[in-house]
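Take a walk through this fold, starting at an opening and ending at a short strand.

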Amino acid sequence: MIRPRLALIGTGNIAHFHCEAFAKAGFEISHAAGSLNSKTVEEFGQKHSIKNIFSNPHDILKNYQEWDAVLLSTPIDKNSDYLERILELDKPTLIEKPVATNKIDLSRFKENDFKNIRVAYNRRFYSTIQRAKEFIKDEDFVHLRMELPEKVKSTGDYEYVLSNSCHGIDLLLYLFKDLEIKNSFAFKNDLGRLVTLKSKNNNLVTLNMNWNSPANFMISLEGDRRRLEIKPFESASIFQGMEIIEPTDDLPLRRYVPKKIESISSFPHQDNLIKPGFLEQAIELKGILEGGEPEISASLYDAFKVQELLDKIL
């Protein structure tokens, strides 16, 4: 069986994970280019057995008839160099998130534009997030609390918030679709934001953007007598009721702890050690190539909605 051919633009660290995932999904990594006149692209090509190596990424786009799908994993500020041609070709494409950190650069995209072109918000594919989506659907009302710590170098420098915290914001929009900000407070010394949001179904979200805090990412979903906790992205537990732990000699106190009824991991199979979500999004792109519709991955419009919400929060 002939394998679909993937062209790769950008050969940084994240591209290695993508190559492993796309190869396991059944693709041949046939073309690659790093940045213009990259000195490392040859070594990258040898490591991943890529036959066609280019010193100029634009040459890959000129030879579009030689490949079936393309992955764009260049630095964020370089995406605009190739995006227009990718839009013209409208071939199945995966672009590393967030595509752009300025909402104006993404504002032209509408909800159903460019369905072949997807954005690599890979955490949507995590088993933990898919279970959270089911949890919300099963409940009449939920309150979600999210801890979204991030590194901020100095007051007003939101580079990492826009380029990395976008993962968390995308998950909120993926889980609830539309959210309206009800309240937003800035922490003293610009060390974060505390935001209350509401969905169209009247579900509530409390977002704690605790910058420079020694904390992990966390989602807690409160339903009717059940609670789902994701901490960090890759692991989740569902609790219902309380469990009594009787006193012991070491701890002479009766304790009441949440009773765990279910555990979820985004590393379910030992034979799949690929970075979580990467294989699944590669498989979905292959499905698009074969005529299917995207079901989980983010669109360019979704990427705009993320930056739009971040802009309002900041």
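How much space lies in the largest pocket? About 540 Å³. A pocket here is an open set of points on a 1 Å grid over the protein atoms alone, where a 1.4 Å probe fits, with protein on both sides within 12 Å along at least five of seven lines; lining residues have an atom within 4 Å of a point. Grid points are joined across faces, edges and corners, and the volume is the space filled by probe spheres set on them. The model is predicted: local features need pLDDT of at least 70, side-chain atom pairs count only at pLDDT 80 or more, and totals for chains, interfaces and linings use all residues. Residues are numbered from 1 along each chain as its sequence is written, and side-chain values use heavy atoms, with hydrogens and water left out.

The pocket has 21 lining residues. Closest to its centre are Glu111, Arg124, Lys177, Ser299 and Asp302. H8 and H10 are the elements that give two or more residues to this lining. Helices (H or I, at least four residues) and strands (E, at least two) are DSSP runs, numbered from the N terminus.

Both helices also pack on an open sheet of eight strands. Its order is E8-E9-E10-E7-E11-E12-E13-E14, with mixed pairing. Two strands pair if DSSP finds at least two bridges between them. E8 (179-186) and E14 (255-265) stand at the edges with a single partner strand each, so one side of each has no neighbour in the sheet. H8 touches E7, E8, E9, E10 and E11, and its direction makes about 170 degrees with that of E7. H10 (residues 300-313) touches E8, E9 and E10, at about 35 degrees to E8. Axes are lines fitted to C-alpha atoms, for helices over the stretch in contact, and angles run from 0 to 180 degrees between N-to-C directions.

At the far end of the order, nine bridges join E13 to E14, which run antiparallel. Ser237 stands opposite Ser263 there.

Now the interior. The largest nonpolar core has 69 residues. Such a core is a set of buried Ala, Val, Leu, Ile, Met, Phe, Trp, Tyr and Cys residues joined through side-chain atoms within 4.5 Å. Buried means under 20% relative accessible area (1.4 Å probe, protein chains only). H8 (residues 166-176) gives the most to this core, with eight residues.

Last comes E4 (residues 69-72), with both faces covered. Ala69 and Leu71 on one side and Val70 and Leu72 on the other are all buried. E4 pairs in the parallel sense with E1 over four bridges and with E5 over three.

Note on methods
Buried means under 20% relative accessible area, exposed over 50%, partly exposed in between (1.4 Å probe, protein chains only). Contact means heavy atoms within 4.5 Å.
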